[in-house]
Structure formats: structure tokens, C-alpha cells
Amino acid sequence: MTTNPTHRFDHRKYRPGPVVDLPNRQWPGRTIQQAPIWASVDLRDGNQALLEPMDVTQKRRFWDLLIRLGFKEIEVGFPAASQPDFDFVRWLIEEDRIPADVTVQVLVQAREDLIRRTFEALVGARQAIVHVYNSTSPVQRDWVFGQDREGIKTIARQGAHWVQQGARDYPETRWTFQYSPESFTATEPDYALEVCEAVLDVWQPTPENPCIINLPATVEVATPNVFADQVEWFSTHVSRRAGVILSVHTHNDRGGAVAAAELALLAGADRVEGTLLGNGERTGNADLLTLAMNLYSQGIDPRLDLSDPDEIIRVCTDCTGLTVHPRHPWVGELVYTAFSGSHQDAIRKCLSRQTDDQPWQVAYLPIDPADLGRDYQAVIRVNSQSGKGGVAFVLERDYGLVLPRWMQTELAPLVQQASERRGGEMDPASIHALFRARFIADDPQWLLGYRLDRNGHDVIEARIGDRSGERILRGEGDGAIAAFVAAWTAWSGKRLRILDYQEHAIGEGTDAEAAAYVQLDVEGARITGAAIDRDTVAASLRAVLSAVNRQGRA
Ligand SMILES: CC(=O)SCCNC(=O)CCNC(=O)[C@H](O)C(C)(C)COP(=O)(O)OP(=O)(O)OC[C@H]1O[C@@H](n2cnc3c(N)ncnc32)[C@H](O)[C@@H]1OP(=O)(O)O
Ligand SMILES: CC(C)C(=O)C(=O)O
């Protein structure tokens, strides 16, 4: 091959994969209405892709997880290929670990000795899927198998025959046959169909006794719409369609395994093979967890119980040794976390309006994190990209403080500066400390006590302490604060005016406290203050004192 001498990165080295001419394609006009048949291949495709394949204990643990999640079809290995796989299948059967509604599936090449051994592994199973495959693409035909089209078709036909024969030898098991034209997406569609038809001619499936034809994107070579076209073309051209369960098995080489599987469902597929979190050869298989959550988020029952993703992650990472990216769809550690200010603001506003009886509609949160056992602690985290909405959310969520907008506006830049200085996240305690340091000032004057006479018109006597002693201030007005401001003005001779005032309870019952926030005009300067006290009136008087103290300091 000649390459451009100046460019080692030369796109002319590659060609696009095959496409189907399908002008009347139907799949773009459809939507997914229900969950497909899920088939987990974690213990086979996932396992064969690991540097260190799972040991027996890990396989058992993974199996238990798959059963708990509700998988009904599980490919458990390639028992003819290795003793551990064989032993695992025997363990499942002999220890009666396969629930009555679950079918194990095993993979085997179209080779007679391997197929015979596969049936030996399955002796005593109530039901099982025997999955036979051979590769069909031009490069596999020419360079790997050294066979022409007829030769490859013969391998498939013989494989189908040996599988049928093996099943006849063990009639006590309810058998389902599965065939995969491996490298389907890189195979000429009419030829892939021809090979599958040869297999179907042997198996003669019927609606009562169907077989599975599994179309693999063994290597993902095109955009997902091309795969959808291939699947729709196959689905509408294959004979005995009612006797065929059409399955897909996508890989993620281009990052489109999930999308390809979804479009394949639109195109007529009934079943999807994949793995939890997308483990599998090279870039992995279609991630069934993502696929199922995609359905769930559209209001479709995924028919898998994914309510405890942390347990799924724990088992998967323990068994595969692979980590989960913090931004992994639906379950990554950061996927329900917003750092940026406008997102936080929107989330806070939506969460405050969302009620249990409404369909979920919270901006930036496609599902309720609580459905996956994620709490709201993680939803909003504050760093230098955050704004007042996020700061307010954290103070309300963790400290019950509902700051007025004018106080949020004053606090947010301080948090941002602190975060910039720190070079990272501001934890809730630090934000709270900043709030207290900024707005709550019990020095140089503090409230020692008060007496309030509320006979129509409010009259207050407030006992104020400072470093030189204490004094009583008296005033009256319409409400305790107005009376206190009047007392303060009279004593200090300073012009004091309340611009805004808000208060609320923190907590409930005997432990409840009151938070008060005040915005004053002191001698023409706008100044804010806050206080928290068990007593509502004390909180408001102390908030005024905080503002006055802050003004004095300034
Ligand atoms: C896309 C997928 O993921 S398919 C699944 C792949 N998984 C695995 O391969 C894991 C398990 N496999 C194995 O451990 C081994 O391949 C075994 C034990 C099954 C077989 O081992 P070996 O017989 O030593 O063979 P190896 O795999 O090297 O042999 C390939 C031979 O099988 C033939 N072959 C490969 N696949 C198939 C098939 N599906 N059907 C029929 N023959 C096949 C090849 O043409 C080659 O034949 P040759 O020896 O005449 O050239
Ligand atoms: C055996 C088949 C289904 C496979 O794993 C693949 O083609 O990726």
C-alpha cells in the first residue's frame, strides 16, 4: 500500500463498510414501545475480553447479580473452549442454580467436536440455548478461513446440523437454537441472508418452536443508521420470520453500540445481547444498563430491576477489575451533579416545584436520581463555575437556610473567590462558614435580652451588651423590628431604615430555630445581616444588630 509520505495519518487507508439500499426504510418513523428480550453476555463476551477472566467465585457472584436484576436469558460461557466454563455450566445445573424462568445460553463454533462437548456440558438442563456461529465477511472468508461463499455457507449449515443432532441426543432438555453470522455488518447483506437461510433450512423454525438469528456488529464499522438498515432489510427478507427471534449483538468500536441496538429495535429486532456497563471485546458490547435506563427514562418498563446501580457497579468492578467512568450514562458518580451556575439555578427552581404526582420534569436531570438510590447531596456541588443558585441550594439542603435573593447575590461571589483561591470544590461546611462570617456579627454589640409589649402598638426594651457594659434601648413601632430600629436610631442618632426583611423556621418542633435576614439602609449605605436563634424575635433583633455591627466595622 502506498501512503502519503508527509502524512502518517492517512485516511485513504480505509474504506466505508457495506450499506444496504433501502429507500422505503420504515424504522425512522417508529418509536420503541416496549423492552426487548434482554440477553446478558457478560459471562461470555464480557469474560473473554478480560485480561484475567473471572474465576469461579466471580462468575457465581455475577450470575447471582444477573438473576437478581431479572435477566431471563444469560450466555454463561463457551463450555467447549475451557474447563472453567464447562465446570461453571455444570455447577449451575447440578446445584440447581437456574431459576425455572431463566434460560442459559452457551456459545460454540461450528465444529462437530466442540458442539458435542457443548451438549455434554448442558446435560440435565431444563432448557438451554445453543448458540453456534461462524464468520461470513469477505476478509474472514478470504484471509481467515480461506473459503469461498459456498464453503462458509457449508460451515454454517453443518454447524446447524450438528447442533440439531446434539439436541436429539438429549431430548429431556427444551432446546432453542441460535445462529450468528459473525461479522454480519461487514458482510454483503444478501450473502449474510443466504447463509442464515441455509441454517433455517436445517432447523425449520416455526412460531411454536422458534430459533434465534443473532445479527452481530462484531466490529462496529458504520453509523447506527446503517446497522438499522441492515437489520430492517434482513427482517423483511428473511423467510419464516414468525419463527425467527431476531436478535442483535452490537459492539462499541465507534462508540455507537447503544444507539445501534436502539435503532435495530426500531428496525425489527426482538432481542438485544449486551453486557452490564458495556464490558466486552475491545471497546465493549452494548451496555444493557444504559439501554434499559434509556427506556425507563421514556416511561417504558425496562423489565430489569436497576434500582440499586451501586450494587451493580460493585459486582461488575469486583468481577471484571474494570472501573466505571464517573460520567458513565445514568450511573456514573458525577452524572447527577451540576457544578455550573445556570444549571444549578434551574435544578433548584424545578426541584422546588416538582411534586410526586406530576410527571418528572426537572431541567438537566432526565430522571429522578432518587430512583437509582442517589440522593440530592450530589446533585449540586459548588466550585468556581457555580452561581448563587448552587450556593443557595447547598445552604438550604444542608443547613435549612433559605437565603433571600439579595443575600444570595452578595454571598455567591465570595464563594466563587474562595473556590478560585482553593482551586476546587467548596464543600457545604465551607460555604456555611463563609455565610456566617459574612452576615452574622455579634460583635462589638450583642443582644442580651429584650421585653416586648404587644398591646396594639409594639414597645420594646432591648438589653444590649458591648465591651464597656450594657444598656437598655427603648423604642416603639409597628412590629418588633420597627420598634427596635426606632430604639436604635434614637440612641445612636444614625439614620436607619429597613429595606427588606425575611425570616423562616429551621427544622420543626422543639428543636426548631428561626433564621432572620435583614437588609438595612444605614446612613445611605445598604448593609445586610443575619441571625439564627431559638426565638423568632431575638433572631430578627440580632439580624438588625449584625447589619449594624457590620456597618460599624466597615
Ligand atoms: C466474535 C466472538 O467473540 S466469537 C467468540 C470468540 N471466543 C473465543 O474464541 C473464546 C474461546 N475459544 C477458544 O478458546 C478456542 O478458539 C477454542 C478452544 C474454541 C478452539 O481452539 P483451537 O482449536 O486451538 O483453535 P483456534 O481458535 O486457534 O482455531 C481456529 C480454527 O477454528 C476455525 N474456526 C474459528 N471459528 C470457527 C467457527 N465459528 N466455526 C468453525 N470453525 C471455526 C478457524 O478457521 C481455525 O481453523 P484452522 O485451524 O483450520 O485454521
Ligand atoms: C459470537 C458473536 C455473537 C459475537 O460475539 C460477535 O460477533 O461479536
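## Domains, ligand shells and unusual backbone sites

Arg467 is placed in the loop that runs between β10 (458-466) and β11 (469-477), where helices (H or I, at least four residues) and strands (E, at least two) are DSSP runs numbered from the N terminus. The model is a predicted one, in which local features need pLDDT of at least 70 and side-chain atom pairs count only at pLDDT 80 or more, while totals for chains, interfaces and linings use all residues. Residues are numbered from 1 along each chain as its sequence is written, and chains are lettered from A and ligands numbered from 1 in the order in which they are written.

Is Arg467 buried or exposed? Arg467 counts as exposed because 7 other C-beta atoms lie within 10 Å; by the rule used here, a residue is buried with 20 or more other C-beta atoms within 10 Å of its own, exposed with 12 or fewer, and partly exposed in between, the C-beta atoms being placed from the backbone. Arg467 is separated from Val41 by 426 residues in sequence and by 75 Å in space, C-alpha to C-alpha.

### Domains

The chain is divided into domain 1 (34-320), domain 2 (341-435) and domain 3 (446-553), with bounds that come from an automatic or database domain assignment. Between domain 1 and domain 2 the C-alpha centres are 44 Å apart, and their contact takes 5 residues from domain 1 and 5 residues from domain 2, a contact being a pair of residues whose C-beta atoms, placed from the backbone, lie within 7 Å. An unreviewed UniProt entry carries the annotation "domain: Pyruvate carboxyltransferase" for residues 36-310, and such annotations may be inferred rather than shown by experiment. That span, residues 36-310, is 44% helix and 19% strand, and its end C-alpha atoms lie 24 Å apart.

### Helix α12

Helix α12 (residues 341-353) has 13 residues and reaches 19 Å from its first C-alpha to its last, close to the 18 Å expected at 1.5 Å a residue, the expected span being 1.5 Å times one less than the number of residues. Its buried residues are Gly341, His343, Gln344, Asp345, Ile347 and Arg348, and what covers them includes α13 (388-399).

### Ligand shells

Around ligand 1 there are 16 residues, of which Phe78, Ala81, Gln109, Ala110 and Asn134 come nearest; a residue is near a molecule if its C-beta atom, placed from the backbone, lies within 6 Å of it. The elements that give two or more residues to this shell are α1 (42-48), β3 (103-109) and β4 (127-135). Ligand 2 is surrounded by Asp45, Leu107, Tyr133, Ser180, Glu182, Asn214, Pro216, Thr218, His249 and His251, and two or more residues of that shell come from each of β5 (174-182) and β6 (211-217). In the table, Ala, Val, Leu, Ile, Met, Phe, Trp, Tyr, Cys and Pro count as nonpolar, Asp, Glu, Lys and Arg as charged, and the others, Gly among them, as polar.

| Shell | Nonpolar | Polar | Charged |
|---|---|---|---|
| Ligand 1 | 8 residues | 4 residues | 4 residues |
| Ligand 2 | 3 residues | 5 residues | 2 residues |

### Backbone sites

Arg282, in the loop between β8 (271-274) and α10 (288-296), has a positive phi of about 55° although it is not a glycine, and Arg282 counts as exposed because it has 11 C-beta neighbours inside 10 Å. Tyr364, in the loop between α12 and α13, likewise is not a glycine and has a positive phi of about 70°, but Tyr364 counts as partly exposed, with 14 C-beta neighbours inside 10 Å. A cis peptide bond, with omega about 15°, joins Asp443 and Pro444, and Pro444 lies in the loop between α15 (428-439) and β9 (446-453).

Terms used: Two residues are in contact if their C-beta atoms, placed from the backbone, lie within 7 Å.
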